[in-house]
Amino acid sequence: MKLNGEVMEHARHENSYQYFASTPLVPMTLRVAVAGHRKHDNISITNAKLSQQIESIYDLIYTELAKCYQHPHARRLYAATPPILRVISSLADGADRLLVESSLVKNKFELSCILPFKAEEYATDFDEASKQEFYALLQAAGYQSKHSRVLELDGQRKNADQAYKNCGESLIKNCDLVVALYDGQKRDGFGTTYTVAQAYKAKIPVIWIDTEHSDNVRLIFSTENGQSQEPLNVSSLNQWLNHILLFDTILAQSDPHTSLPLADKILAKFDTYAKESVECKEHTAEVDFNGSGPIEIERSHFNPLHYGFSLLKSWFISTDQLNEELSKLDKQLPVEAEIKTNVSHMCEHFQNLSSHRYYAAYLRADRLASHYASIHRSIFVFIYVLAASALIIASLAIAFADKSKYFTLPLIFAIAEMSILVVIYWLYRKDHKRSLHDKWLEYRCIAEFLRPTLFLSFFGTNYPMRRFRDREQIVGRNLLGHGGPERCWAYLYIETVVRWVGFSGHTVDRAYINDAIHFSRGQWVARQYQYHTQNAISMKLLGHRLAHLSELMFWSTILIIGVKILLGIWGPESYPLSKFLGLLATWLPILGTTAFAIRNHAEFEISAQRSLSSREVFLIYNKQLLELKRTEASMSDIDELLMELTTDSIRETADWLEIYEVKDTETA
């Protein structure tokens, strides 16, 4: 069997972290799910007409996939490695086996399998010859190896219908195109008819090979008015692959604000992200799937501009104060919530090729987002502080303007003020020219979209990013804030990663489900709860401290002005002291206004409130996951809950971006 298998793929990208440190772009991948009748007189390798038709279909798929890879846009959307054709099958007798027959799929492909039961149990459906073929196919998919792509679901024979239903749904969640070999007749139950219906519901095109008339091959897809179909040919398949792999319905649009091609802006975003420099420090950090890992920003990137915001926080908030507030909140937490984060010891249990790839992609985005957030926030702090310094120096220049007394002092003050203004402008231009604000927000969105995807992979599923690809939503009302429709590139990039990474093989049983729930609660839900709790407290404290500082400067100024008035009544002998107090009465409002401006620009209270809201959301989901574990819920129930949590997380991230993007121009 000529498989573009996982051993071969792993050899090309032996280390996921080194790979994503060198480039974020992934190989172009097309996932094709196969389904069809188990038993039918015409479904046989000896049926020359049908076999020839299947062979020609795969030839057409691979030819059009190669065309997509040669498209100029593909060179900027994907890695410069050959495209991958991944065929996903449940390996039942009949169509599932025939559609992955290596003699019919002439080109190399990667085989993945989703089974309704454990392999050992599922094998009891087959006779001896079929069983041998079954295990041979499993081995071709890396079964029971470190890089297995065989997902054994938790189906039970006593509830076989539910098992087949879950298997069909999982198949559709992990594919871009379906090849269905059946008679097209509607039937009850959860067989091929149900699987094809799920594909239509998910807006996934289906290549239908009619078992009764194998020369009748149709491409069927969903439209706004129902279903549409047309003969499968070069044109029809190319149109769909361009939509799936090259995002042509979005890239072909024009920016509604400038009428310029949207493709240029989106592809430029991909180019910029690909050029970002990070490095892989293989032995410096353990992988915990929650922030610790070998990908770091290159040392050459560090400069004093990184530390402005962190210094501001350290000046106004001590670690002891933060821990004290955290302790107060922890005491208010209900016992039944069981927010625990001590699950790092379980990391090794969930380390596989897919989880490492997702986490490596996350780390790259997370490190870059934190890097640019630090610089951008520090720059606006420095700008406000330098602006205050310029005003203070200006007041000194006025106070010491008499050249006969102070000689060159006024000139020195003027030069100092001019120098500060030049630095302020340089910082402002640096921030805007390098798009630090946009990079921070967009890379943070990518990281926060990839975080749940990692944990969903433990359950053999992924978030359908294609639901955000509706043209009107993306271009008309940008889902990533209002910074421009080109920001949809983040969704498109994540879609390429999800398609390439796919799922890893494992056996789903009650022990595995409980461990996966426990680990996801600890490293995802509880850690996010912990982060938002700490962020809410620190932002609230910082906002309050700056507000108190502004108020203190205000009342101090009133007091100083009062003293200055009294000194003026006493006579000219108090002039030197009065002059000094006059300067203080000028400086203190400047400092108070600066503190107020920083507080207003950073929206500390709003950030704290959003974190408090997110904290409550994660607390609710933590309880629900705990309940699912206690009631021994099925994978489908867990999948539904995690999809809801992922949707809420994505919406929260998009809302957060919308608030912070309006702060981009305030410093100016």
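## Starting at Ile 88

Let's begin with one residue pair: Ala 33 sits opposite Ile 88 of strand 2. Bear in mind that everything here comes from a predicted model. Ile 88 has another partner too, as it stands opposite Ser 112 in strand 3.

Zoom out a little and those pairs fit into strand pairing. Strand 1 (residues 29-36) pairs with strand 2 in the parallel sense, over five bridges. Strand 2 also runs parallel to strand 3 (residues 110-115), and four bridges join these two.

## Strand 2, inside the fold

How many residues of strand 2 are buried? Six of the six, covering residues 84-89, so the strand is largely enclosed by the rest of the structure. The cut-off behind that word is a relative accessible area under 20%.

The side chains split into two sets. Ile 84, Arg 86 and Ile 88 point one way from strand 2, while Leu 85, Val 87 and Ser 89 point the other way. All of them are buried, whichever way they point. Note that Arg 86 and Ser 89 are on that buried list along with Ile 84, Leu 85, Val 87 and Ile 88.

## Helix 20, also covered

Helix 20 spans residues 489-501, and 13 of its 13 residues are buried. From its first C-alpha to its last, helix 20 reaches 18 Å, close to the 18 Å expected at 1.5 Å a residue.

What comes just after helix 20? There you'll find Gly 502, with a positive phi of about 65°.

## A greasy spot on helix 21

Now for something on the outside. Ile 561, Ile 565, Leu 566 and Ile 569 make up a nonpolar patch on the surface. Together they have about 390 Å² of accessible area.

Take Ile 569 as the example: is it buried or exposed? Ile 569 has a relative accessible area of 62%, and because the cut-off for exposed is over 50%, it counts as exposed. Ile 569 belongs to helix 21, which covers residues 510-570. As background, an α-helix has 3.6 residues a turn, so residues three or four places apart point the same way.

## The whole chain

Stepping back, the chain has 668 residues, and buried ones make up 55% of them. There are 24 helices and eleven strands in the chain.

If you count contacts between residues at least 6 apart in sequence, 80% of them join residues at least 24 apart. As for the outside, the chain exposes about 29500 Å², with carbon and sulfur atoms supplying 55% of that area.

Definitions and conventions: Residues are numbered from 1 along each chain as its sequence is written. This is a predicted model: local features need pLDDT of at least 70, side-chain atom pairs count only at pLDDT 80 or more; totals for chains, interfaces and linings use all residues. Side-chain values use heavy atoms; hydrogens and water are left out. Buried means under 20% relative accessible area, exposed over 50%, partly exposed in between (1.4 Å probe, protein chains only). Contact means heavy atoms within 4.5 Å. Accessible areas come from the Shrake-Rupley method with a 1.4 Å probe; for residues, only the protein chains shown count as cover. The expected span of a helix is 1.5 Å times one less than its number of residues. Patches are made of residues with over 30% relative accessible area and no salt bridge: like charges are joined within 9 Å, nonpolar side chains (Val, Leu, Ile, Met, Phe, Trp, Tyr) within 5 Å. A salt bridge is a side-chain nitrogen of Lys or Arg within 4 Å of a carboxyl oxygen of Asp or Glu. Two strands pair if DSSP finds at least two bridges between them.
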